[in-house]
Amino acid sequence: MHGEDASTKNSAPPEVDSEEEIPEDHPRYQDLITRHRIEAGVEKGITHLQGMHAEGRGSAFDYLLGETTIPTADAAEKAAAAQLLLADQPVLSVNGNVAALVPSEITELAEAVDADLEINLFNRTDERLQRIADHLKEHGATDLKGLDADAKIPELDHGRGLVDEDGIYSADVVLVPLEDGDRAEALDAMGKTEIVIDLNPLSRSPQTADIPIVDNILRAVPNITEHAQDLKGRSESNLQEIVNSFDPESHLTAAEDRIRTGESKPES
Ligand code: ATP
């Protein structure tokens with residue numbers, strides 16, 4: 001957090017075997033949980049080593065954001081909830097980092113908005129796919145897509161282009177957290193309505209998204225679920241109004257300002 005002294009920054013417990021050992025009052029609690037979950041994901045064979053690198057980058061941006069959900073991110077999360085509720089066929093894409101960081105939370109979101117979960121890996125192997133599927137099932141997921149991979153996103157080579165025909169391929173709204181820019185652009189070119197969670201507002205994925213969410217996935221996913229539970233039962237026109245009133249550009253600008261200056265601009 002901003003303003004802490006060097007002694008608190010250096011007080012991270014060196015090794016923890018389980019999350020419960022991380023003290024909840026530690027000033028970097030969320031970051032320590034994140035590191036622990038990614039490390040456990042690598043050990044369990046569900047997260048690729050490159051996922052650790054991606055997480056390090058995210059962690060730096062979150063530090064500069066103040067490890068908080070800024071107001072425009074909350075508005076983005078509400079718009080995402082409304083968009084998922086409006087969708088005919090929403091799909092939540094899960095990669096190795098997402099599975100390691102928010103396995104229960106993403107399953108709860110899928111239930112709240114009646115979406116499918118689809119495993120989609122950059123570094124795709126059958127062993128990793130199976131381990132991720134087992135891990136998600138241990139956390140409550142029942143029906144998973146991504147194992148058939150019987151369709152292909154046009155213009156994307158290798159395993160990263162493989163998707164399920166009755167999943168991401170035919171979905172109208174896709175949530176793609178922690179996604180690489182190429183895949184986000186290719187999904188956009190297919191005409192999907194894309195919701196992206198990414199802590200870097202300058203990355204291509206949030207810049208391509210219809211609804212970019214610059215927030216830590218650990219905070220973003222449960223907050224989208226909470227909004228979805230509040231919004232359930234609202235009329236289509238009301239949900240559409242919420243989506244229409246969200247401005248992606250001003251959210252990206254607010255997040256970048258916050259990261260660069262540490263300050264939020266007053267609402268105009
Ligand atoms: P691009 O191709 O668009 O430039 P990239 O190369 O940055 O994307 P990756 O490294 O594959 O893409 O994606 C990882 C992204 O996920 C990074 O932008 C990183 O900031 C973000 N990220 C990492 N951890 C988290 C997290 N816990 N919550 C949200 N975003 C995160």
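The legends below describe close-up views of a predicted model.

**View 1. The six-stranded open sheet and its edges.** In this predicted model, six strands form an open sheet in the order β3-β2-β1-β6-β7-β8, and their pairing is parallel. The edge positions are taken by β3 (144–145) and β8 (211–213), each of which has a single partner strand, so one side of each is left without a neighbour in the sheet. As background to this view, strands of a sheet pair through backbone hydrogen bonds, either parallel or antiparallel.

**View 2. Strands β1, β2 and β3, with helix α7 lying across them.** Strand β2 (residues 116–119) is joined to β3 by two bridges, and these two strands run parallel; β1 is joined to β2 by four bridges, again with the strands running parallel. Leu-117 can be used to follow the pairing across this part of the sheet, since its bridge partner in β3 is Leu-144, while Leu-92 stands opposite Leu-117 in β2. Helix α7 (residues 126–138) lies across β1 (90–94), β2 and β3, and the helix runs at about 150° to β2.

**View 3. The packing of helix α6 against helix α10.** Helix α6 (residues 103–113) packs with helix α10 (residues 217–231) at an angle of about 20°, and the two axes are 9 Å apart. Because angles under 35 degrees count as roughly parallel, α6 and α10 are therefore described as roughly parallel to each other, and α6 passes α10 in a left-handed crossing. On the α6 side the contact is made by Glu-105, Ile-106, Glu-108, Leu-109, Ala-112 and Val-113, and on the α10 side by Val-221, Pro-222, Ile-224, Thr-225, Ala-228 and Gln-229. Taken by residue class, the contact of α6 with α10 divides into eight nonpolar, two polar and two charged residues.

**View 4. Thr-225 within the contact between α6 and α10.** Thr-225 lies in helix α10 and is one of the residues through which that helix meets α6. Its relative accessibility is 6%, so Thr-225 counts as buried, the cut-off for that term being under 20% relative accessible area. When neighbours within four places in sequence are left aside, Thr-225 is in contact with Glu-105, Glu-108, Leu-109 and Ala-112, and these residues are listed among those that α6 contributes to the contact with α10.

**View 5. The oblique packing of helix α4 against helix α11.** Helix α4 (residues 71–86) and helix α11 (residues 236–245) pack at an angle of about 140°, with 8 Å between their axes. The two helices are therefore oblique to each other, and α4 passes α11 in a left-handed crossing. From α4, the residues Lys-78, Ala-79, Ala-82, Gln-83, Leu-85 and Leu-86 meet Glu-236, Leu-239, Gln-240, Ile-242 and Val-243 in α11. The residues of this contact between α4 and α11 divide into seven nonpolar, two polar and two charged.

**View 6. The surroundings of Met-52 in helix α3.** Met-52 has its place in helix α3 (residues 49–65), and with 36% relative accessibility Met-52 counts as partly exposed. Not counting residues up to four places away in sequence, Met-52 touches Ile-38, Glu-39 and Val-42. For one of these contacts, the C-alpha atoms of Met-52 and Val-42 are separated by 8.2 Å, although the two residues are 10 residues apart along the chain.

**View 7. Positive phi at Ala-149 and Leu-178.** Most residues other than glycine have a negative phi. Ala-149, although not a glycine, has a positive phi of about 50°; this residue is found in the loop between β3 and β4 (151–152), where Ala-149 is buried, with a relative accessible area of 17%. Leu-178, also not a glycine, likewise has a positive phi of about 50°, and Leu-178 is found in the loop between β6 (173–177) and α8 (181–189). With a relative accessible area of 27%, Leu-178 is partly exposed.

How values were computed. Residues numbered from 1 in each chain as written. Predicted model: local features only at pLDDT ≥ 70, side-chain atom pairs only at ≥ 80, totals over all residues. Heavy atoms only, no water. Axes fitted to C-alpha atoms, helices over the stretch in contact; angles between N-to-C directions. Parallel < 35°, antiparallel > 145°, perpendicular 65-115°, else oblique. Left-handed = near helix turned anticlockwise from the far one by under 90°. Contact = heavy atoms within 4.5 Å. Nonpolar A, V, L, I, M, F, W, Y, C, P; charged D, E, K, R; others polar. Buried < 20%, exposed > 50% of the residue type's maximum accessible area, 1.4 Å probe, protein only. Pairing = 2+ DSSP bridges.
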